[in-house]
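Let's walk through this structure together, one region at a time. Please keep the sequence and the 3D view open as you read.

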Amino acid sequence: MRLLVVEDDRDINRQVVSALEEAGYVADKAFDGEEGGYLGESEPYDAIILDMGLPKADGVSVLQKWRRAGIKTPVIILTARDRWSDKVDGFDAGADDYVTKPFHMEELLARVRALLRRAAGHATSQIACGPVVLDTRSGRVFVDGNPIKLTSHEYRLLSYLMHHTGRVVSRAELTEHLYDQDFDRDSNTIEVFVGRLRKKLAVDLIQTVRGLGYLVDPNQPPSRV
């Protein structure tokens with residue numbers, strides 16, 4: 001999952017980006033409304049954390065512009081403003097959630113997980129496809145109840161596919177959502193990670209749809225445990 005953090009306080013920006021990366025996400029950053037607005041329009045993020053009091057363009061204006069352009073990316077407002085009227089303005093502009101500074105990082109991460117789950121149509125922190133269970137809270141994967149050790153890239157790839165079960169995901173889409181904007185992207189590496197995942201999971205979970213991409217079928221046979 002790839003996120004954007006738009007926050008002008010460089011310390012907070014750095015802390016949030018670091019926490020997201022430690023939690024297994026890819027995170028891009030921007031420090032003003034102009035740059036953040038451009039990235040939100042031009043890059044396919046899975047969620048955005050947006051400060052309201054930004055230089056060059058305030059967060060509400062940026063969010064309104066995204067929504068007018070038809071951009072439906074889930075957005076969490078992050079701000080020091082705690083008046084109920086400010087919250088109403090944020091929600092009316094198109095925000096999906098609201099976190100007031102100062103905040104606990106674990107709460108923000110929990111809200112990010114919940115937002116991503118809801119956007120993908122999942123109700124709980126555990127996403128199950130047959131014998132494979134992905135726990136988004138702990139960042140762990142289990143097959144038939146047994147933990148499977150994955151690298152960060154393998155986990156991000158599996159997480160994206162399992163968040164989007166039932167539809168074909170192209171290699172280009174995976175590349176866009178698994179790497180940050182500065183990464184030298186090569187869609188051929190996706191094939192390598194898919195091959196490694198298949199070996200580690202040892203179940204027929206990830207299907208190749210020739211010429212289109214990969215599919216995780218939500219109607220997998222149930223776990224044998």
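**A guided walk through the model**

Our starting point is Asp28, which is found in strand E2, the run of residues 26–30. Please bear in mind that this is a predicted model. Is Asp28 buried or exposed? With a relative accessible area of 3%, Asp28 is buried, because anything under 20% is counted that way. Its side chain has a polar partner: the side chain of Tyr45, at 2.8 Å.

Tyr45 leads us on to His177, since Tyr45 is among the residues that His177 contacts. You will find His177 in helix H7, residues 171–178. His177 has a relative accessibility of 7%, so it counts as buried. Which residues does His177 contact, leaving aside its neighbours within four places in sequence? They are Met1, Arg2, Pro44, Tyr45, Asp46 and Tyr160. Two polar contacts deserve a closer look in your viewer. The side chain of His177 reaches the backbone oxygen of Pro44 at 3.2 Å, and a polar contact of 2.9 Å joins the side chains of His177 and Asp46.

Now to a part of the chain that carries annotations from a database record. UniProt, in an unreviewed entry, places the feature "domain: Response regulatory" at residues 2–116. Over that stretch the chain is 48% helix and 21% strand, and the C-alpha atoms at its two ends are 11 Å apart. The UniProt record, again an unreviewed entry, also has the annotation "modified residue: 4-aspartylphosphate", which covers Asp51. In the model, Asp51 is found in strand E3, residues 47–51. A relative accessible area of 4% is the reason why Asp51 is described as buried. Setting aside residues up to four places away in sequence, Asp51 touches Val6, Glu7, Asp8, Gly59, Leu78, Thr79 and Lys101.

Follow that last contact, Lys101, and you come to a point of backbone geometry. A cis peptide bond joins Lys101 and Pro102, with omega at about -5 degrees. Pro102 is found in the loop between strand E5 (97–100) and H5. Most peptide bonds are trans, and most residues other than glycine have a negative phi.

With phi in mind, two residues are good to compare. Asp144 is not a glycine, yet its phi is positive, about 55 degrees. Ala202, likewise a residue other than glycine, has a positive phi near 55 degrees. Where do these residues sit? Asp144 has its place in the loop between strand E8 (140–143) and strand E9 (146–148), while Ala202 lies in the loop between H8 and strand E10 (206–209). Asp144 is buried because its relative accessible area is 12%, whereas Ala202, at 64% relative accessibility, counts as exposed.

Helix H8 itself covers residues 188–201, and Val194 lies in it. At 1% relative accessibility, Val194 is therefore counted as buried. Apart from its neighbours within four places in sequence, Val194 is in contact with Leu157, Ile206 and Tyr214. For a sense of distance across the model, try Leu63: it is 131 residues from Val194 along the chain, and the C-alpha atoms of the two are separated by 35 Å.

Leu157, one of the contacts of Val194, brings us to helix H6, where it is among the buried residues. H6 runs over residues 152–163 and has 12 residues. From its first C-alpha to its last, H6 reaches 16 Å, close to the 16 Å expected at 1.5 Å a residue. How many of its 12 residues are buried? The number is 10, and H6 is mostly covered. Among the buried ones are Tyr155 and Tyr160, and Tyr160 is also a contact of His177.

Tyr155 opens the way to our last stop, the largest pocket. Rolling a probe the size of a water molecule over the atoms shows where empty space is left. About 280 Å³ of space lies in the largest pocket. Its lining consists of 17 residues, and those that lie nearest its centre are Ala23, Tyr25, Thr136, Gly139 and Tyr155. Helix H5 (105–120) and H6 each supply at least two residues of this lining.

Technical notes. Residues numbered from 1 in each chain as written. Predicted model: local features only at pLDDT ≥ 70, side-chain atom pairs only at ≥ 80, totals over all residues. Heavy atoms only, no water. Helix = DSSP H or I, 4+ residues; strand = E, 2+ residues; numbered from the N terminus. Buried < 20%, exposed > 50% of the residue type's maximum accessible area, 1.4 Å probe, protein only. Contact = heavy atoms within 4.5 Å. Expected span 1.5 Å × (residues − 1). Polar contact = N/O pair within 3.5 Å; in protein donor to acceptor, adjacent residues only side chain to side chain. UniProt positions renumbered as here; feature names shortened; annotations may be inferred. 1 Å grid on protein atoms, 1.4 Å probe; cavity = no way out; pocket = protein on both sides within 12 Å on 5 of 7 lines; lining within 4 Å. Points joined across faces, edges and corners; volume = space filled by probe spheres on them.
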